[in-house]
Amino acid sequence: MARQDYLFTSESVSEGHPDKVCDRISDTIVDAFLGEMPEARVACETLATTNRVVIAGETRGPNTLTHDYLAHLARLAIKDIGYEQEGFHWETCDVAVHLHPQSAHIAQGVDAAENKDEGAGDQGIMFGYACRETPELMPAPIFYAHKILRMLAEARKSGKEPALGPDAKSQVTVRYANGRPVGVTSIVLSTQHLDASLESEDVRAIVEPYITAALPSGWISRDTGWHVNPTGKFVIGGPDGDAGLTGRKIIVDTYGGAAPHGGGAFSGKDPTKVDRSAAYAARYLAKNVVAADLADRCTIQLAYAIGVAEPLAVYVDLHDTGRCDESRLEMALREVMNLTPRGIRQHLGLNRPIYARTAAYGHFGREPEADGGFSWEKIDLVHTLRDIAG
């Protein structure tokens, strides 16, 4: 029997966090290739440190995307995040691009041939999760940790809060009673500030109204602990304060630790990589299962082998909240969606330049967008799943 009364904590980081700067640049490269050639292949990693960015990896795509142009796109991404500091400035930082053609040995196992469908780009396991804790069917701690930082970023970039810098982290501890989130016992926020004279209490005065607005009414009480810039001043931020790498915030990207993660990062990878596309498919299916009222919580695991099109296994766990048989649901999921790499991309429309926007504030729990962004958040299988799964 699962515990009903407990505390659970999740963290988020802003778009200006060093690792997220790298995720954003890597996904900007992915978008550039997919915008020119929907079937392009990209495996791109970014490193950022004081006034230096290094982009490396493998690609297969049009020759029109020169290294100079990709470096220009990286600078524009840094500019949009908001870095114009002495130690990290979009215009003056050194950007080195080391992208080379995709390995022919990987390509031969992945590409479609006369007698085989396109195979998975690597072995791996991917998880999807959904629950009823928020209207977006996401775990509450990570959802609200993201929301706090997103609201602060909007205020900063609009000019409403010019004292705030791009780099920030949040952490929310949620209290559960009878299995449902009912309040927040502690809030941790560290945010870069451009005015060196500000102290922790000054920063709290700026951010507290946004944190209060981000959380459900009544969740903050007199007993809620506040830790705003607890170490003191936070002026040196971003890659100037700490080096960043693509793919180091995978738990922030998914469910904040409330559900398993297969281990593979998303950013910098085109959608032929099942690390990304199958994780999106698993979230899409789990969300539709919960939306169909077949369960209150749902975890789905998909497993793949490199060069093999069909998943090796589909696993469903409804956490004792299900209203249908799990083994029957596992078969139903294969019926409602083609879970080969090609089938996932076609069903969700993933061969589009829609990835830079996913690099911060979570890949899940977002609104589907008109151009196909966050298509894996759609709820359009509800009636079909009810019919098939009973």
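Contact here means heavy atoms within 4.5 Å of each other. The model in every view is predicted.

**Figure 1. The whole chain, 390 residues in one predicted model.**
The chain has 10 helices and 13 strands. Its radius of gyration is 21 Å, which agrees with the value near 21 Å for a compact globule of 390 residues. Along the principal axes, the C-alpha trace spans about 65 × 55 × 30 Å. Of the 390 residues, 55% count as buried. The accessible surface comes to about 16100 Å². Carbon and sulfur atoms hold 50% of that surface. Among contacts with a separation of 6 or more, 73% join residues 24 or more positions apart.

**Figure 2. The segment 118-234, as annotated in UniProt.**
An unreviewed UniProt entry lists residues 118-234 as "domain: S-adenosylmethionine synthetase central". Over these residues the chain is 29% helix and 34% strand. The C-alpha atoms at the two ends of the segment are 49 Å apart.

**Figure 3. H146 and its contacts.**
H146 sits in helix α4, which covers residues 140-158. Is H146 buried or exposed? H146 counts as buried because its relative accessibility is 3%, and the cut-off for buried is under 20%. Which side chain makes a polar contact with the side chain of H146? That partner is S12, at 2.8 Å. Leaving aside neighbours within four places in sequence, H146 is in contact with S12, V252, Y361 and G362. S12 therefore appears twice in this view, as a contact and as the polar partner.

**Figure 4. Helix α9 and what its buried residues pack against.**
Helix α9 covers residues 341-348. Its buried residues are P341, G343, I344, R345 and L348. An α-helix has 3.6 residues a turn, so residues three or four places apart point the same way. Which elements do the buried residues of α9 pack against? They pack against α7 (274-291) and β12 (297-304). Just after α9 comes G349, with a positive phi of about 60°.

**Figure 5. V308 in the loop between β12 and β13.**
V308 is found in this loop, and β13 covers residues 313-317. Its relative accessible area is 34%, which means that V308 is partly exposed. V308 is in contact with G119 and A120, leaving aside its neighbours within four places in sequence. How many residues apart along the chain are V308 and G121? They are 187 residues apart, yet their C-alpha atoms are separated by 8.6 Å.

**Figure 6. Two cysteines, C22 and C324, that are in no disulfide.**
How many disulfides does a search of the whole structure find? The search finds zero. C22 is in no disulfide, and its nearest cysteine sulfur, that of C44, is 9.9 Å away. For C324 the nearest cysteine sulfur belongs to C298, 8.5 Å away, and C324 is in no disulfide either. A disulfide would need the two sulfur atoms within 2.5 Å. C22 counts as buried because its relative accessibility is 0%. C324 is buried too, with a relative accessible area of 15%.

Conventions
Residues are numbered from 1 along each chain as its sequence is written. This is a predicted model: local features need pLDDT of at least 70, side-chain atom pairs count only at pLDDT 80 or more; totals for chains, interfaces and linings use all residues. Side-chain values use heavy atoms; hydrogens and water are left out. UniProt positions are given in the numbering used here, feature names are shortened, and annotations may be inferred rather than shown by experiment. Helices (H or I, at least four residues) and strands (E, at least two) are DSSP runs, numbered from the N terminus. Buried means under 20% relative accessible area, exposed over 50%, partly exposed in between (1.4 Å probe, protein chains only). A polar contact is a pair of N or O atoms within 3.5 Å; within protein, one must be able to donate a hydrogen and the other to accept it, and residues adjacent in sequence count only if both atoms are side-chain atoms. The radius of gyration is taken over C-alpha atoms; the globule rule is 2.2 Å times the number of residues to the power 0.38. Accessible areas come from the Shrake-Rupley method with a 1.4 Å probe; for residues, only the protein chains shown count as cover.
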